[in-house]
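Here are my notes on this model, set out as numbered points. Please read them with the structure open.

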There are 2 protein chains.
Amino acid sequence: MVGVRRSDLFLPATRETPGAGSDAAKLLVRTGLIRNFGSGLWAVTPAGQRVREKLTERVVAAMDAIGGQRVRLPGLQYADRWRESGRWGGFEDEMFTLENRDGQAMCLAPSHEEGVVHLLDGRVRSHADLPLLVYQVESKFRDDHARNGLVRTKEFTMQDAYSVHVDEPGLRETYREVRAAYERVLDDVGLEYAIVEADAGVIGGAASEEFVAPVSDAGGDSDRLVYCTADGCRFGVTDEHDGSDAHATGDACPECGGDLAASDGIEVAHVFKLGTRYSEAMDFTVDTDDGSERRVEMGSYGLGVDRLLQTLAQQHGDSDSLAWPVTDWGSAAPYRAAVIPVGEGEVLNVAERIHDDCGRDDVLLYDDLSVGERFAESDLLGIPATVVVGNTYREDGVVDVETETGTEELAVEAVAECVERFAAGEEEEEESGCGSGAIG
Amino acid sequence: MVGVRRSDLFLPATRETPGAGSDAAKLLVRTGLIRNFGSGLWAVTPAGQRVREKLTERVVAAMDAIGGQRVRLPGLQYADRWRESGRWGGFEDEMFTLENRDGQAMCLAPSHEEGVVHLLDGRVRSHADLPLLVYQVESKFRDDHARNGLVRTKEFTMQDAYSVHVDEPGLRETYREVRAAYERVLDDVGLEYAIVEADAGVIGGAASEEFVAPVSDAGGDSDRLVYCTADGCRFGVTDEHDGSDAHATGDACPECGGDLAASDGIEVAHVFKLGTRYSEAMDFTVDTDDGSERRVEMGSYGLGVDRLLQTLAQQHGDSDSLAWPVTDWGSAAPYRAAVIPVGEGEVLNVAERIHDDCGRDDVLLYDDLSVGERFAESDLLGIPATVVVGNTYREDGVVDVETETGTEELAVEAVAECVERFAAGEEEEEESGCGSGAIG
């Protein structure tokens, strides 16, 4: 990602607010990160796409680290495999169906259990080829009643993963690994969440858990979540699950004794032990040690990339501006830093020099708009660091670097390294915003 | 991309060959890079996906370098904008249409001129906001009669870009830049191609050019191409264009005087000067200097990622094995190198150590299959460098590094750096396969 000049950037901030949805959904429209394409459909602008790419990179890295292999399955599929699995015409009426020009029945895949069985079946012949964990990051389609921006849409980007095993203990192990990988992703991007036992719904299978993020206003599209507020405890229950009545705000957490709280909740990820649900319906078997055939055990896992973007905005921003958390991993903010010149001439030259120094990173140079608009927009976008070249530079030859931990003065040549370290999340661990480079 | 162990890899090589298409299409199935999902639909396996990612990275870098801004438009769209542009129900009967649960007419976008107008219209108000160049790398859908593997499908990944301008000279300049960026991409990945004047077809507009790759067998899905064989000359004509009869094999190139040749040709990219075709139909205007309104000029550009993958395979492989060119940029091969131990024990240990040394790069360690199968598969896949740990190691303590320029012996500790430099394309410029590290 190279440095971006504001004058070149298409970032269509607007006063328009969509009719429905949470404050965060409306704010994503107002900031210009997304634009509506009719009920349940959204386009993502260059700034919004940068957030999506950062989130995608994070989840890809976490999946690769546990041996996940990235594949790509068609989103458009024929009916045959769906009839075999018994999900054709089902899926809670949310499956888009159509015909090709030769009259063959097709659908837009809402999930890919059938696709993965077709990809692997007949090629994975022996128990020695297992376990396998494959994943993709592609569009899914569900004819859902659209509401609340990117959280409930007709087309959305999701990282979905599928594992195949000889037996149930093998499934349990990979299930734990993917569950831990999802925890890492959500911790890294700075999301607060609980892990709740869940209903397997249209995916089916033996057991499943949801990652649910508490939010103050889910825009009418939410479970009610009771969750533990203690650091690192992920206990939670939602009202879709039996027994949620047993817990309420103020109760002690049954896992750690911490305080429970209640709020709206948005599901951002879901992990399923499918068991033999699909291998039985679709007759997917492998040879075992003793030469007999055995139906494989499968797991299914999904983490919504677009959903995560909006849920992060929802948890950390307010109704007037976005705020992207900065962690050890970094930040999902569209730009790690904004360089704002206050004035023209030498001040602008210095700002451009700083921007060039940071040039190979994602830093936004404000070379248009009025000075007031520059500060307002970088605040609205939640850009975590702002480099201000203005009065302090004119008086003392130094620039102000503003982050949530405060403002400090830096020599011009120290800014790029500071921004680099800040973006890598190191800022959190230091007393001073940028450590050794500090002058003030 | 981390190192991969063959025993963990899902790479379903098969004797199955699809009923139709070129040798390359069949070979991509036999090597296990793709798997058929019914007429016109394909899944991509982990090795195939690696090629797609490398090609995508290359085209993204080229677009970013000329100021392209990546966006994401929905693939599923409502009819309204298509009715406005006049393309609803048209598109040579290749547009997939469907209804949502509320009975609203929708389609799967075969291209995104309408989408880009909707993304920008009302947000780009003034000539000062232009020019703009946006692009995406996403699925497109066309209900085409499927044949020839990834070249003609119902769902495919394409990098499509769109530019918007105040006037025609502005369009001409960006058109030239994108055209040059596409040349860079194709040169980098090692494709031979001609640039031919073309019919604008269903995209429409004032003028267009196609990038057409000569291949010996286009699997029945091809234009007939007459092209110049001289180095660096891109002259070509196809039989879809008037005047192609004027040129034949053996004639002198009208541009450079070089030799013309004839062959099948596959279109891998297309650049269009749309002019005001869409801004007139959809009333997309900007304010000009003098306060009046003006319909914008637009350009449209597309480079098929999946198509490029297969066309590369077609041009450089033969009917028995793939071969990915290595250039200054590197190579689109799924793995830059394979490490093949011939034997067990110490030989396997050394192979694993070399694989670990190369570990952060895309190197495949053959830790399963028979020795014969290891060589056969790495050859079939067209992996450009093979590191063999066997007799030479047992006798002299060195390993053999085999590339198309020959075999040389290297000390174990020199292999990782050699593979790194080879993958970066530096090999081409040196006498010896890996330069200073060479012993033999």
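**Notes on the predicted model**

1. T45(A) and its neighbours. Leaving aside residues up to four places away in sequence, T45(A) touches F10(A), L11(A), P12(A), G32(A), L33(A) and I34(A). Its list of contacts also takes in R70(B), V71(B) and L119(B). So chain B contributes to the surroundings of this chain A residue. Bear in mind that the model is predicted.

2. Where T45(A) sits. The residue lies in a loop of chain A, with β3 (42-44) on one side and α2 (46-65) on the other. Is T45(A) buried or exposed? It counts as buried, because its relative accessibility is 0%; the cut-off for buried is under 20%. One of its contacts, G32(A), is 13 residues away from T45(A) in sequence. The C-alpha atoms of T45(A) and G32(A) are 7.0 Å apart.

3. Chain A overall. Chain A has 11 helices and 22 strands. Its radius of gyration is 24 Å, which agrees with the value near 22 Å for a compact globule of 440 residues. Along the principal axes, the C-alpha atoms fill a box of roughly 80 × 60 × 45 Å. Of the 440 residues in chain A, 60% are buried. Take the contacts between residues at least 6 apart in sequence: 69% of them join residues at least 24 apart.

4. Surface and charge. Chain A has an accessible surface of about 16,300 Å². Carbon and sulfur atoms account for 41% of that surface. How many charged side chains of each sign does chain A have? There are 40 positive and 86 negative ones. The centres of the two sets lie 6 Å apart.

5. The six-stranded sheet. An open sheet of chain A runs in the order β1-β19-β18-β20-β21-β22, with mixed pairing. β1 (4-5) and β22 (406-411) of chain A are its edge strands, each pairing on one side only.

6. Strand β20(A) and its partners. Both senses of pairing can be seen here. In chain A, β20 (residues 385-389) pairs with β18 (residues 337-341) in the parallel sense, over five bridges. Within that pairing, A337(A) has A385(A) as its bridge partner, and V339(A) stands opposite V387(A). With β21 (residues 398-403) of chain A, β20(A) pairs in the antiparallel sense, over three bridges. There V388(A) stands opposite D400(A) in β21(A).

7. Cover over β20(A). Why is β20(A) described as largely enclosed by the rest of the structure? Because five of its five residues are buried. Both faces are covered. A385(A), V387(A) and V389(A) are buried on one side, and T386(A) and V388(A) on the other.

8. Helix α4(A). This helix of chain A, residues 113-120, is mostly covered, with eight of its eight residues buried. Charged residues E113(A) and E114(A) are among the buried ones. The others are G115(A), V116(A), V117(A), H118(A), L119(A) and L120(A). Just after the helix, G122(A) takes a positive phi of about 85 degrees.

Terms used:
Residues are numbered from 1 along each chain as its sequence is written. Chains are lettered from A and ligands numbered from 1 in the order in which they are written. This is a predicted model: local features need pLDDT of at least 70, side-chain atom pairs count only at pLDDT 80 or more; totals for chains, interfaces and linings use all residues. Side-chain values use heavy atoms; hydrogens and water are left out. Helices (H or I, at least four residues) and strands (E, at least two) are DSSP runs, numbered from the N terminus. The radius of gyration is taken over C-alpha atoms; the globule rule is 2.2 Å times the number of residues to the power 0.38. Buried means under 20% relative accessible area, exposed over 50%, partly exposed in between (1.4 Å probe, protein chains only). Contact means heavy atoms within 4.5 Å. Accessible areas come from the Shrake-Rupley method with a 1.4 Å probe; for residues, only the protein chains shown count as cover. The place of a charge is taken as NZ of Lys, CZ of Arg, CG of Asp or CD of Glu. Two strands pair if DSSP finds at least two bridges between them.
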